[in-house]
Amino acid sequence: MSNLKDPKDVLSLIEREKVEVVDLRFMDFPGLWQHFSVPIGEINESVFEEGLGFDGSSIRGWRTINESDMLVKPVADTAFIDPFFQHKTLVMICNICDPVTGEDYPKDPRNIARKTIAHVQNSGVADTVYIGPEAEFFIFDDVRFDQNEHSGYYFLDSIEGRWNSGRDEGPNLGYKPRYKEGYFPVPPTDAQQDIRSEMMLTLESIGVPIEKQHHEVATGGQAEIDMRFAPLVEMSDNVLKYKYVIKNTAKKYGRTVTFMPKPLFNDNGSGMHTHLSLWKGGRNLFAGDKYAGLSDIGLYAIGGILKHAAALLAITCPTTNSYKRLVPGFEAPVNLAYSSRNRSAAIRIPMYSASEKAKRFEFRCPDPSANPYLAFSAITMAALDGVLNKVDPGQPLDKDIYDLPPEELAKVPTTPGSLREALEALKRDNEFLLKGDVFTPDVIETWIEYKMTHEVTALDLRPHPWEFALYYDI
């Protein structure tokens with residue numbers, strides 16, 4: 001649908017494709033896609049300028065009940081035909097506006113992403129920010145969970161799960177990926193080729209370019225489908241399409257997908273390694289003759305991300321579960337250092353290609369529970385802060401971190417150990433996000449308060465099943 005440029009194109013598409021329903025979508029504050037639908041008679045050229053109303057007080061982290069009215073304004077070039085609905089439905093992603101002032105709503109995540117690009121351009125440093133995320137996920141066959149005053153549990157299952165190697169499956173064929181060995185044997189060990197291929201082809205059919213799909217490291221159905229890099233706002237939109245298609249394709253197969261960072265104990269979690277590059281006038285500003293083929297600008301950008309990493313993680317790793325993945329001593333990127341090849345460093349410079357156009361770095365800490373508009377914006381703001389202030393990233397860490405002697409390892413800073421620690425870091429270090437009015441103080445305060453109240457404290461109050469194993473008999 002990338003050839004759609006304006007409302008007239010959308011109206012022509014509606015007529016040509018005999019569309020029956022228009023579905024309007026936007027992102028809530030924590031990071032779930034929301035929608036409502038209208039018949040095609042409600043869509044005309046004026047809607048793109050004037051918008052349609054809805055109740056903003058029911059959206060998490062947004063308006064209070066006494067100021068609930070808000071507008072969605074569809075963005076014509078985001079339109080695509082939904083591949084799942086029974087009635088032919090055209091989807092459009094929307095911006096959120098205040099109906100009284102007409103201004104873009106400061107807590108609309110997509111608005112924050114748009115302001116990020118405007119700020120980058122106004123700085124004079126770059127005109128384009130390219131983002132390439134690698135969002136991993138699990139495909140399970142069954143999930144059950146509950147928590148109440150006197151019990152708490154979860155049960156996950158997968159035909160691929162190594163824990164089912166002894167189950168009577170009438171017959172059990174035995175092809176279960178070993179723990180940490182799912183990357184990536186051919187079928188029949190990989191039992192999910194067809195479902196991943198359908199996900200990949202469906203994404204391409206709605207205009208999301210895909211580079212590859214494959215099984216990931218963990219047993220029990222871990223997967224990855226790689227999108228081709230794109231400008232920041234477009235890529236944020238694409239991540240929402242990505243999650244939507246993957247979840248709904250799985251549902252067609254009677255399966256369920258989670259983007260939780262760490263659903264399984266004792267195996268790899270799911271990350272969203274995020275590739276970044278800044279461009280100006282069609283030239284990659286990160287390509288140069290310094291370390292790993294980077295330029296000074298590329299190194300300064302790394303310096304900015306390392307400088308603000310603790311605060312960044314409150315947005316890029318925004319769940320309590322995120323820190324079950326970011327645990328020292330395993331393969332997780334908990335070391336706040338950079339390297340050309342070391343995957344245990346927070347930032348890696350891929351060396352697959354010598355091409356200047358391919359030069360970028362990969363921030364490995366983020367995970368797919370993040371709101372992509374906020375996460376990619378925060379990463380960009382930290383990188384830009386590094387460039388503008390010429391932040392020295394220090395020396396690269398090309399040694400095997402796990403073989404470092406304790407006295408040397410102690411000098412390598414690490415990521416926060418919990419969401420609480422990351423939120424406290426964000427409370428101390430957020431000025432770089434406020435530049436250009438990109439993240440407003442109200443956005444930062446609301447984010448911290450929402451996460452502390454609804455997630456950190458809520459989890460603190462509940463007994464954990466493992467606590468019974470540790471302490472019941474004391």
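**Salt bridges, helix α4 and cysteines**

Asp157, Arg167, Glu169 and Lys176 are joined in a network of salt bridges. The model is a predicted one, and a search of the whole structure turns up 23 salt bridges. A few of these pairs are worth a closer look.

One of them brings together the side chains of aspartate 442 and lysine 107, with an N to O distance of 3.4 Å. Aspartate 442 belongs to helix α13 (residues 441–460), while lysine 107 sits in the loop between β6 (89–97) and α3 (109–123), so this pair ties together parts that are 335 residues apart in sequence. The two partners differ in their surroundings: aspartate 442 is partly exposed at 39% relative accessibility, whereas lysine 107 is buried at 9%.

Another salt bridge joins the side chains of aspartate 142 and arginine 144, at 3.6 Å from N to O. Here aspartate 142 is partly exposed, with a relative accessible area of 36%, and arginine 144 is partly exposed as well, at 44%.

A further pair leads to helix α4. The side chains of lysine 252 and glutamate 198 form a salt bridge with an N to O distance of 2.6 Å. Lysine 252 lies in helix α5 and glutamate 198 in helix α4, so the contact ties together parts that are 54 residues apart in sequence. Lysine 252 is exposed, at 56% relative accessibility, and glutamate 198 is partly exposed, at 22%.

Helix α4 itself covers residues 193–205; at 1.5 Å a residue, its 13 residues should span 18 Å, and its end C-alpha atoms are indeed 18 Å apart. Its buried residues are Ile195, Arg196, Ser197, Met199, Met200, Thr202 and Leu203. As a reminder, an α-helix has 3.6 residues a turn, so residues three or four places apart point the same way. The buried residues of α4 pack against the strands β7 (128–140), β10 (210–215), β11 (222–227) and β13 (256–258), and also against α5 (232–252). Just after α4, glycine 207 adopts a positive phi of about 95 degrees.

Turning to the cysteines, the count of disulfides is zero. For cysteine 97, the closest cysteine sulfur is that of cysteine 94, and because the two sulfurs are 9.7 Å apart, they are too far from each other for a bond. Cysteine 317 is in no disulfide either, as the nearest cysteine sulfur, in cysteine 365, is 5.8 Å away; the cut-off for a disulfide is 2.5 Å. Cysteine 97 is buried, with a relative accessible area of 2%, and cysteine 317 is buried too, at 0%.

Terms used
Residues numbered from 1 in each chain as written. Predicted model: local features only at pLDDT ≥ 70, side-chain atom pairs only at ≥ 80, totals over all residues. Heavy atoms only, no water. Buried < 20%, exposed > 50% of the residue type's maximum accessible area, 1.4 Å probe, protein only. Helix = DSSP H or I, 4+ residues; strand = E, 2+ residues; numbered from the N terminus. Expected span 1.5 Å × (residues − 1). Contact = heavy atoms within 4.5 Å. Salt bridge = Lys/Arg side-chain N within 4 Å of Asp/Glu carboxyl O.
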